[in-house]
Amino acid sequence: MAALTIGAAVLAGCSGGQQANETLPSASSTTATAEALPPLGPPDFPMPDEAREMTPEGAEAGLRYYLDLITHQAGVSGEPLRDLSRDCEFCTFIANRYDEDAAAGYSYRGGELTVEGMSRPAVNGSTAEFSLSLTQAAVDILDANNAPVPGRGQAAAERLNTGARMTWSSQQEYWVMNQIIVNS
């Protein structure tokens with residue numbers, strides 16, 4: 001990620017501790033094939049086909065794609081992050097920050113997110129919840145002259161305990177990001 005450390009954004013708690021159902025309909029239960037689906041994500045960084053399957057593996061691919069998209073869009077545009085999320089305060093915050101930074105002519109150096117460990121998604125109907133550990137590389141925010149922006153940037157952050165929740169969009173056939181929670 002970039003301007004704001006993901007660890008600095010502690011949003012809301014996870015679900016109420018219910019036992020999750022680990023089964024989903026098979027990918028073949030969807031009506032359209034991946035080839036027939038309209039592309040999602042930026043043209044230079046499209047969502048992979050496996051993230052468009054209503055399976056636990058598809059949910060994991062969707063989460064990994066969204067986390068990579070956070071880094072990819074840093075200082076470029078927040079719109080793809082908004083397009084692939086619903087009611088996600090953290091996602092909206094980051095998307096707005098990226099739009100503001102792009103308008104100011106800022107660029108990002110570093111900030112890549114690395115998944116250090118991830119649970120198998122706890123699936124309950126069309127909802128998948130994750131527990132994961134992230135590392136964020138150091139990030140510099142640079143102005144139009146390639147100079148560091150005062151008060152911005154971040155040292156590397158390790159072992160960020162993170163939770164995420166996604167829901168399946170049967171209309172567009174992809175996993176939608178609903179919540180990212182980070183406890184540093």
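**Exercise 1. Locate E79 and R82, and describe how their side chains are related.**

Step 1. Helix α2, which spans residues 79–83, contains both E79 and R82, and the two are three residues apart, about one turn of the helix. The model in which they are seen is a predicted one.

Step 2. Side chains of opposite charge can pair when their charged atoms come close. The pair is tested with the cut-off of 4 Å between a side-chain nitrogen of Lys or Arg and a carboxyl oxygen of Asp or Glu. The side chains of E79 and R82 are joined by a salt bridge, with an N to O distance of 3.2 Å.

Step 3. The accessibility of each residue is then considered. E79 has a relative accessible area of 38% and is partly exposed. R82 is also partly exposed, at 23%.

**Exercise 2. Determine which parts of the chain are tied together by the salt bridge between D99 and R82, and state what E79, R82 and D99 form.**

Step 1. The closest N and O atoms of D99 and R82 are 2.5 Å apart, and the two residues form a salt bridge.

Step 2. D99 belongs to helix α3 (residues 89–104), whereas R82 belongs to helix α2, so this pair ties together parts that are 17 residues apart in sequence.

Step 3. D99 has a relative accessible area of 29%, and therefore counts as partly exposed.

Step 4. The result is a network of salt bridges that links E79, R82 and D99.

**Exercise 3. Examine the pair E60 and R64, and give the count of salt bridges in the model.**

Step 1. Both residues lie in helix α1 (residues 56–72), and they are four residues apart, about one turn of the helix.

Step 2. E60 and R64 form a salt bridge, in which the closest N and O atoms are 3.0 Å apart.

Step 3. E60 is partly exposed, at a relative accessible area of 27%. For R64 the relative accessibility is 34%, and this residue too counts as partly exposed.

Step 4. The count for the model comes to seven salt bridges.

**Exercise 4. Decide whether N178 is buried or exposed, and describe its surroundings.**

Step 1. N178 is part of strand β7, which covers residues 174–183.

Step 2. The limit for a buried residue is under 20% relative accessible area. N178 has 11% relative accessibility, and therefore counts as buried.

Step 3. The side chain of N178 reaches the backbone oxygen of R86 at 3.3 Å.

Step 4. When residues up to four places away in sequence are left out, N178 touches R86, D87, C88, R165, M166 and T167.

**Exercise 5. Compare the positions and accessibilities of P121 and E50.**

Step 1. P121 is placed in the loop between β2 (113–118) and β3 (122–124). E50 is found in the segment before α1.

Step 2. P121 has 0% relative accessibility and counts as buried, whereas E50, at 43%, counts as partly exposed.

Step 3. Separation in sequence is set beside separation in space. P121 and E57 are 64 residues apart in sequence, while their C-alpha atoms are 8.3 Å apart in space. E50 and Y65 are 15 residues apart in sequence, with a C-alpha to C-alpha distance of 10.0 Å.

Step 4. The contacts of E50 complete the solution. Not counting residues up to four places away in sequence, E50 touches G58 and A61.

How values were computed. Residues are numbered from 1 along each chain as its sequence is written. This is a predicted model: local features need pLDDT of at least 70, side-chain atom pairs count only at pLDDT 80 or more; totals for chains, interfaces and linings use all residues. Side-chain values use heavy atoms; hydrogens and water are left out. Buried means under 20% relative accessible area, exposed over 50%, partly exposed in between (1.4 Å probe, protein chains only). A polar contact is a pair of N or O atoms within 3.5 Å; within protein, one must be able to donate a hydrogen and the other to accept it, and residues adjacent in sequence count only if both atoms are side-chain atoms. Contact means heavy atoms within 4.5 Å.
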